[in-house]
Amino acid sequence: MSHTRPVQVHFDDLDAMGLLHNAHYGVLVERAIGAFWAELGWHFDPARSRFKDVFLAVREFQITYHVPIMGAGEPLVHFWMERMGNTSGIYGFRVLSPDGQTVHAEGRRVNVNLDPATLRPTPFSDETRDAAKALAA
């Protein structure tokens, strides 16, 4: 399964030519994935989170650009979980036009679950694994 979420491109996300700045594509992906998990009860504050795994770091972010986004608007981010390993998860994603017909960019994002005391990778909880099944490719 996968998930598609609209995200907002604001005027200040644009470069001098009126195109979405290349660095902001990653922000759109982060917002979409973050909103998905927040709706499930994830929060960065362990006292408020439904999940035990709250200390996650991006290990890798890879993106290929195809067609620039011009101007402010509401493109879509389509994302899924390509692989859920012991301590890391790999998301695939596509940034799409509002009608879903144009692929503006695509790539992958790798998250690592860290132990907050040691900053070393630690296994995901069963609860996180179960929730991630909704995004399984």
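**Exercise 1.** In which loop is the place of L19? Then work out what L19 touches away from its sequence neighbours, and how far it sits from S125.

*Solution.* Keep in mind that you're looking at a predicted model. Start with the location: L19 belongs to the loop between β1 and α1. Next, skip residues up to four places away in sequence; L19 then touches D13, L14, P68, I69 and M70. Last, take the C-alpha atoms of L19 and S125: they are separated by 40 Å, with the two positions 106 residues apart along the chain.

**Exercise 2.** Trace the sheet and find the strands at its edges.

*Solution.* Go across the open sheet and you'll meet five strands in the order β1-β3-β4-β5-β2, paired antiparallel. Now check the ends: β1 (3-6) and β2 (56-65) each have a single partner strand, so one side of each is left without a neighbour in the sheet. From one strand to the next, the twist averages 25°. Zoom in on one pair: strand β3 (residues 76-84) and strand β4 (residues 88-96) run antiparallel and are joined by eight bridges. As an example, W80 has G92 in β4 as its bridge partner.

**Exercise 3.** Place helix α1 against the sheet, then see what α1 brings to the largest nonpolar core.

*Solution.* Helix α1 (residues 22-40) lies across β1, β2, β3, β4 and β5 (103-113), and runs at about 130° to β2. On to the core: the largest nonpolar one has 23 residues, and those with the most contacts inside it are L28, W37, V77, F79, Y91, V95 and L135. Two or more residues come from each of α1, β3, β4 and α2 (126-132). The top contributor is α1, with seven residues. Pick L28 for a closer look: residues up to four places away in sequence aside, L28 touches V7, Q8, V9, L20, P75, V77 and V95. Two of those partners, V77 and V95, are also on the list of residues with the most contacts inside the core.

**Exercise 4.** Is G107 buried, partly exposed or exposed? List its contacts too.

*Solution.* First, find G107 in strand β5. Its relative accessible area is 21%. Buried would need a value under 20% and exposed one over 50%, so G107 counts as partly exposed. Then the contacts: leaving out neighbours within four places in sequence, G107 meets Q62, I63, Y91, G92 and F93. G92 has turned up before, as the bridge partner of W80. Finally, the C-alpha atoms of G107 and R83 are separated by 14 Å, and the two residues are 24 apart along the chain.

Methods: Residues numbered from 1 in each chain as written. Predicted model: local features only at pLDDT ≥ 70, side-chain atom pairs only at ≥ 80, totals over all residues. Heavy atoms only, no water. Pairing = 2+ DSSP bridges. Helix = DSSP H or I, 4+ residues; strand = E, 2+ residues; numbered from the N terminus. Axes fitted to C-alpha atoms, helices over the stretch in contact; angles between N-to-C directions. Contact = heavy atoms within 4.5 Å. Core = buried A, V, L, I, M, F, W, Y, C linked by side-chain atoms within 4.5 Å. Buried < 20%, exposed > 50% of the residue type's maximum accessible area, 1.4 Å probe, protein only.
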